[in-house]
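Grab a pencil and open the viewer. Here are a few exercises to work through, each with its solution.

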Amino acid sequence: DLKEALRQKDERRKNAVRLVKAAIQNAEIEQGHPLNDEEILEIVAREVRRRHEAIAEFAKGHRQDLIEQEEAELGFLLAYLPQQMSREEIENVARQAIQEVGATSPAQMGQVMRYLMPRLKGKADGRLVNQVVKEILAEGI
């Protein structure tokens with residue numbers, strides 16, 4: 001992808017690929033071994049979260065030029081992640097998890113999240129899952 005971006009003179013794509021590549025190399029150095037696919041997906045997901053946060057901050061500062069740059073990089077990074085679950089799919093899985101755990105109140109949210117997150121890892125954004133579980137528990141199934 002980096003070579004293709006260089007050939008096409010696509011600066012935004014080139015920068016996004018280089019940043020992810022650097023993050024992966026840093027993680028490999030830090031951990032002392034080559035990363036497996038799951039660990040690489042975690043790094044890409046972390047970079048995606050950073051882009052979402054940066055877009056929100058730039059929106060507060062009314063910096064449309066920086067928002068466009070981050071959105072372009074975000075688009076390239078999302079191509080490396082598996083297809084993300086929709087809100088409806090997350091709700092269905094969350095309701096099943098709540099029933100299996102036997103949770104009946106928002107105080108049991110931690111149990112539900114511990115049960116649910118390993119099953120949704122890489123398939124759904126943790127903040128969205130948290131929000132959906134919180135709403136379901138608040139309405140009292």
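The exercises below deal with a predicted model, and each solution goes step by step.

**Exercise 1. Find which residues touch the most other members of the largest nonpolar core, and which elements give two or more residues to this core.**

Step 1: Start with the core itself. It has 17 residues, and Leu 116, Val 129 and Val 133 touch the most other members.

Step 2: Now look for the elements behind it. Those giving two or more residues to this core are α5 (87-101), α6 (109-120) and α7 (126-139).

Step 3: Zoom in on Val 133. Skip its neighbours within four places in sequence, and you'll find Val 133 in contact with Ala 94, Met 109, Val 112, Met 113 and Leu 116.

Step 4: Don't stop there. Another core, of 13 residues, lies apart from the 17-residue one, and its members include Val 20, Ala 23, Ile 43 and Leu 81.

As background, nonpolar side chains tend to be buried together in soluble globular proteins.

**Exercise 2. Decide whether Glu 47 is buried or exposed, and list what it touches.**

Step 1: Locate Glu 47 in helix α3.

Step 2: Check the cut-off. Buried means under 20% relative accessible area. Glu 47 has 6%, so it is buried.

Step 3: Look at the side chain. A polar contact of 3.0 Å links it to the side chain of Arg 50.

Step 4: Leave aside neighbours within four places in sequence. Glu 47 is then in contact with Val 20, Ala 23 and Leu 77.

**Exercise 3. Do the same for Arg 51: is it buried or exposed, and which side chain does it meet in a polar contact of 3.4 Å?**

Step 1: Arg 51 also belongs to a helix, namely α3.

Step 2: Use the 20% cut-off again. The relative accessibility of Arg 51 is 5%, so Arg 51 counts as buried.

Step 3: Its partner in the 3.4 Å polar contact is the side chain of Glu 70.

Step 4: Not counting residues up to four places away in sequence, Arg 51 touches Leu 19, Glu 70, Glu 73, Leu 74 and Leu 77.

**Exercise 4. Describe the largest pocket and say which element gives the largest share of its lining.**

Step 1: Begin with the space inside, which is about 500 Å³.

Step 2: Find the centre. Of the 25 lining residues, Ala 45, Arg 49, Gln 84, Gly 122 and Ala 124 are the closest to it.

Step 3: Sort the lining by class: 13 residues are nonpolar, four are polar and eight are charged.

Step 4: Trace the elements. At least two lining residues come from each of α3 (37-60), α6 and α7, and α3 gives the largest share, with nine residues.

Key. Residues numbered from 1 in each chain as written. Predicted model: local features only at pLDDT ≥ 70, side-chain atom pairs only at ≥ 80, totals over all residues. Heavy atoms only, no water. Core = buried A, V, L, I, M, F, W, Y, C linked by side-chain atoms within 4.5 Å. Buried < 20%, exposed > 50% of the residue type's maximum accessible area, 1.4 Å probe, protein only. Helix = DSSP H or I, 4+ residues; strand = E, 2+ residues; numbered from the N terminus. Contact = heavy atoms within 4.5 Å. 1 Å grid on protein atoms, 1.4 Å probe; cavity = no way out; pocket = protein on both sides within 12 Å on 5 of 7 lines; lining within 4 Å. Points joined across faces, edges and corners; volume = space filled by probe spheres on them. Nonpolar A, V, L, I, M, F, W, Y, C, P; charged D, E, K, R; others polar. Polar contact = N/O pair within 3.5 Å; in protein donor to acceptor, adjacent residues only side chain to side chain.
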